[in-house]
Amino acid sequence: MSTKGKVKGIISNLVIVTVDGPVAQNEICYIATGNTKLMAEVIKIIGDNAYVQVFDSTRGLQVGAEVEFMGHMLEVTLGPGLLSRNYDGLQNDLDKMTGVFLQRGEYTYPLDEEKLWDLKPLAKPGDVVEAGSWLAEVDENFQPHKIMVPFTFSGQYTVKSVVAEGQYRIFDKIAVITDSEGKDIELNMTQKWPVKKAITCYTEKPRPFRLLETGVRTIDTANPIVEGGTGFIPGPFGTGKTVLQHAISKQADANIVIMAACGERANEVVEIFVEFPELTDPHTGRKLMERTIIIANTSNMPVAAREASVYTAMTIAEYYRSMGLKVLLMADSTSRWAQALREMSNRLEELPGQDAFPMDLSAIIANFYGRAGYVHLNNGATGSITFIGTVSPAGGNLKEPVTESTKKAARCFFALEQARADRKRYPAVNPIDSYSKYIEYPEFEEYIAKRISPDWTKEVNDMKTLLQRGKEIQEQINILGDDGVPVDYHVTFWKSEVIDFVILQQDAFDKIDSVCPIERQQFMLNLVMDICRTKFDFSNFNDVMDYFKRMINICKQMNYSEYQSEAFNGYLKELKEMLILEPVAE
Amino acid sequence: MATKAFQKIYTKVTQITKATCSLKASGVGNEELATVNGKLAQVVKIMGEDVTLQVFEGTEGIPTNAEVIFLGKAPTLKVSEQLAGRFFNAFGDPIDGGPEIEGEEREIGGPSVNPVRRRQPSELIATGIAGIDLNNTLVSGQKIPFFADPDQPYNQVMANVALRAKADKIILGGMGLTNDDYLYFKNVFNNAGVLDRIVSFVNTTENPPVERLLIPDLALTAAEYFAVDHNEKVLVLLTDMTLYADALSIVSNRMDQIPSKDSMPGSLYSDLAKIYEKAVQFPAGGSITIIAVTTLSGGDITHAIPDNTGYITEGQLFLRRDSDVGKVIVDPFRSLSRLKQLVIGKKTREDHPQVMNAAVRLYADAANAKTKLENGFDLTNYDERTLSFAKDYSEKILAIDVNIGTEEMLNVTWGLLSNYFKPEEVNIKQELVDRYWAK
Ligand SMILES: Nc1ncnc2c1ncn2[C@@H]1O[C@H](COP(=O)(O)OP(=O)(O)OP(=O)(O)O)[C@@H](O)[C@H]1O
Ligand SMILES: [Mg+2]
């Protein structure tokens with residue numbers, strides 16, 4: 001017998017329900033209004049009053065409305081067919097909804113019940129299995145999608161049977177396993193999991209160390225992120241968070257990309273809908289949409305569902321990680337999620353923390369970032385979730401609770417800066433304030449030395465030192481004037497400008513410049529550092545600027561040309577001549 | 001709004017604050033409308049039998065025995081073609097002396113468009129103002145505010161944009177408009193002979209502030225009617241959204257909510273997003289474009305209202321006075337149109353993106369040179385050139401009184417570039433330089 005209740009009070013989307021039986025924190029319920037039912041989640045219980053947040057508008061809802069409790073928490077459905085789909089924050093398939101406008105109380109099933117999947121068994125009778133063990137494999141958009149023992153199972157089981165290779169639907173029986181008491185359990189291809197709990201079917205979560213190539217120079221070269229790493233992109237509005245995230249999602253060397261549009265603009269999601277089916281994954285040549293899942297809970301969609309959306313996305317990511325895949329998860333913007341928490345916490349009249357955010361904001365954020373990572377699965381395979389979230393600091397001020405809490409949780413910090421964006425120095429990542437903690441990992445250093453070259457780390461460090469020096473000189477020039485500093489200083493400053501223009505800046509809208517594979521990054525960094533190591537002898541600072549502007553221009557033309565094409569090599573030649581002919585090259 | 005005979009009448013108000021009153025009632029729906037001694041009110045909280053109403057006009061003079069009648073519905077607007085050419089107040093009642101509208105009654109503040117049903121905006125809106133068309137190109141289906149201090153001529157610029165935009169309908173949502181500005185809009189539209197394409201919902205400074213809260217939803221319900229039912233291109237003008245947000249804070253502070261930054265309600269982002277996200281390109285061809293005004297205080301865009309707005313809208317147009325040329329310009333640094341990528345170089349000439357960026361970069365160099373000058377340093381020859389360039393650029397491109405076609409904007413800019421710079425100083429793709437560099 002499930003618990004029932006009646007609506008007692010309504011404050012916006014917070015509804016107070018008097019219940020007639022047991023209810024659990026985070027349990028899902030449905031509230032009847034008119035001829036629809038509104039989904040809601042229990043967020044507080046006092047006596048026989050359950051406080052529920054409704055995932056929809058409560059317009060017209062009346063006191064006395066019937067409520068039915070479901071006996072489970074907010075769950076997602078996992079199984080083949082998640083890829084290429086567009087879901088809302090509660091995993092409703094948006095394409096299955098009728099009409100141009102979203103209807104309140106319309107819930108759609110996230111998978112395709114009729115589609116036939118090519119299945120190959122992986123386990124055989126007699127195998128001992130546990131939650132997360134691979135039983136079979138289907139081909140989902142050319143990804144080996146593993147059918148696993150449901151994560152909710154505990155203890156050990158013995159495989160009794162697995163169906164033969166062939167075509168099956170998601171609800172067909174594909175295996176029977178026997179529990180320790182000898183009871184047989186039939187399994188199909190789907191399972192459910194409560195989104196707010198982490199899926200932990202792995203043996204170990206070692207420190208991640210393998211570069212996750214993103215094709216963005218200011219990340220890969222300057223502050224790399226790794227497979228299973230975490231990073232965040234804070235920045236005032238309009239500084240390029242979304243553009244940078246989209247660029248990463250298009251180019252990153254990942255098997256699965258999950259994008260959670262969390263309280264942001266619908267048109268930005270439409271951009272993905274339009275572009276991703278057309279664009280190809282630079283690593284496999286397949287259409288981007290084939291590896292992508294979109295969770296769209298845009299800013300005009302219900303606030304409570306926005307809070308759920310990031311968890312929905314993370315749970316799906318964990319599901320694919322358990323198959324031994326490299327998953328990249330992006331959330332834009334985690335600040336909107338924090339704001340959703342704030343709205344609800346205020347309505348609950350909880351004691352507010354800084355800026356009226358809930359007191360435990362830091363813990364909630366840390367817990368979420370903690371779900372990412374690189375893992376060793378029970379069968380020895382590895383999988384990863386790399387998570388990159390954007391943060392939208394109020395007033396562009398990084399000293400606010402969401403940024404500060406995230407900084408404690410994420411290992412890479414890509415700080416977008418208003419001044420750079422104003423000067424159209426895109427991506428506006430501040431090269432000096434930003435960091436990647438992974439560079440300090442000896443495992444990473446060892447890996448990158450093999451992957452790129454033994455002197456790579458030194459080269460990158462030299463580059464950063466020069467950038468720092470350039471910045472200092474610029475400040476001095478601002479105080480002392482152009483002729484108040486030695487000409488040498490101008491040379492150093494302009495060398496740092498070469499790095500900025502050629503390595504750090506990258507046009508996300510240029511077909512060629514937007515993607516820069518690691519080999520090309522290596523070539524360009526070596527080239528630029530060669531320039532920077534060259535000694536120049538100028539008699540006045542005006543000549544310095546003219547000379548370097550010309551050089552930057554040539555390098556930029558190289559960035560716009562196909563790598564090692566005739567045009568590219570032509571500019572390279574021009575550059576080399578310039579280095580030899582002009583002032584003094586030693 | 002007429003009441004029906006069978007409705008139950010309550011006459012015992014238990015609590016009255018400046019904006020709300022409470023009473024015991026049953027069978028009431030959340031967000032339902034009511035009248036309190038004839039004043040329109042809306043249900044904002046229900047706790048058992050206790051119902052709290054937000055009274056739009058304010059509660060001045062409401063007695064404890066006021067007559068409260070529940071209307072059994074959320075706020076609505078009657079929609080039909082008759083809306084065209086008409087002026088209404090914040091309750092959707094005519095203020096132009098004309099007859100009531102006959103038509104289908106629709107709830108305002110309705111559901112949002114399913115993101116997968118949206119189409120990508122792709123139609124350029126030409127305004128003739130180069131600070132907009134060249135640097136911050138507008139696209140139909142976009143939402144974008146003017147950020148301006150109260151002394152900037154934002155309403156005039158907005159009216160110009162509206163008239164040149166070739167929209168099928170223009171819907172004006174005026175919030176806290178001064179009577180003079182209201183008459184200004186009326187006049188401009190009248191003189192342009194476009195009154196029959198205009199629908200106006202107006203709350204002036206003379207009306208109670210809380211009434212403003214209904215204006216955006218009314219305007220957008222009318223917009224959805226024309227854009228969905230008639231597949232029209234609708235332009236919605238919302239001025240001034242800062243005053244709208246102020247009204248939000250009045251209400252929420254009186255409801256004992258914990259204010260967040262700048263005394264604004266914690267839900268400000270969601271409240272504003274619900275309005276702005278109504279901008280859309282529909283699959284059947286209709287569209288809603290929102291151009292709004294967010295007034296600033298002393299140019300401060302970090303205040304919660306412009307800040308949240310900036311995070312929601314697809315860019316912003318920042319107006320400021322350029323004292324070097326004595327004109328109001330569209331500031332190329334703080335302004336941005338995020339949808340411009342969808343049209344520039346595609347619907348406009350191929351060189352548009354690069355020329356635009358090059359000019360803005362040089363304008364930024366000029367700003368540096370100016371700082372140097374102010375700090376008393378010698379300028380280099382390059383600095384001097386950027387300064388001369390900036391002055392010309394400001395006058396011929398950025399000033400809001402510019403009215404030319406997009407090609408001409410590009411040609412003028414190439415002209416300025418070649419007047420003051422060498423090709424290698426502008427960082428433009430060689431093939432474009434070869435084609436367009438003014439010799
Ligand atoms: N790498 C880039 N190359 C070229 N232009 C860029 C780049 N990054 C950002 N831009 C420009 O900046 C604009 C704003 O970028 P974006 O939408 O990513 O900002 P945002 O930080 O996500 O803002 P918000 O917080 O409001 O969502 C883009 O529309 C584009 O014009
Ligand atoms: Mg963004």
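User: Hey, what percentage of the 439 residues in chain B is buried?

Analyst: Buried residues account for 61% of chain B's 439 residues. Buried means under 20% relative accessible area, exposed is over 50%, and partly exposed is in between (1.4 Å probe, protein chains only). This is a predicted model: local features need pLDDT of at least 70, side-chain atom pairs count only at pLDDT 80 or more, and totals for chains, interfaces and linings use all residues. Residues are numbered from 1 along each chain as its sequence is written, chains are lettered from A and ligands numbered from 1 in the order in which they are written, and side-chain values use heavy atoms, with hydrogens and water left out.

User: Cool. How many helices and strands does chain B have?

Analyst: Chain B has 11 helices and 21 strands. Those are DSSP runs, numbered from the N terminus (helices: H or I, at least four residues; strands: E, at least two). With a radius of gyration of 25 Å, close to the 22 Å that the globule rule gives for 439 residues, chain B is as compact as a globular protein of that length. That radius is taken over C-alpha atoms, and the rule is 2.2 Å times the number of residues to the power 0.38.

User: And which domains is chain B divided into?

Analyst: Domain 1 (9-70), domain 2 (76-337) and domain 3 (352-436). The bounds come from an automatic or database domain assignment. The centres of domain 1 and domain 3 of chain B, taken over C-alpha atoms, are separated by 60 Å.

User: What about domains in chain A?

Analyst: There the assignment gives domain 1 (4-73), domain 2 (117-190) and domain 3 (456-581). Between the C-alpha centres of domain 2 and domain 3 of chain A there are 56 Å.

User: Switching to ligand 1: which chains surround it?

Analyst: Residues from chains A and B do, so the site is shared between chains. The shell has 21 residues, and the closest are Gly238(A), Lys241(A), Thr242(A), Val243(A) and Arg265(A). A residue is near the ligand if one of its heavy atoms lies within 4 Å of it.

User: Which helix gives the largest share of that shell?

Analyst: H2(A), with three residues. Helix H2 (241-251) of chain A and helix H7 (304-312) of chain B each supply at least two.

User: Which polar side-chain atoms lie by oxygen atoms of the ligand?

Analyst: One belongs to Glu264(A), 3.3 Å from an oxygen atom of ligand 1. Another belongs to Gln341(B), 2.9 Å from an oxygen atom of ligand 1. A polar contact here is a pair of N or O atoms within 3.5 Å; within protein, one must be able to donate a hydrogen and the other to accept it, and residues adjacent in sequence count only if both atoms are side-chain atoms.

User: Any odd backbone spots? Where is there a cis peptide bond?

Analyst: One joins Asp332(A) and Ser333(A), with omega about 5 degrees. Ser333(A) sits in the loop between strand E22 (326-332) and helix H5 (334-347) of chain A. Another cis bond joins Thr239(B) and Asp240(B), where omega is about 10 degrees.

User: And what is the phi of Ala356(A)?

Analyst: Positive, about 65 degrees, although Ala356(A) is not a glycine. Ala356(A) lies in the loop between H5 and helix H6 (361-369) of chain A, and is buried at a relative accessible area of 5%.
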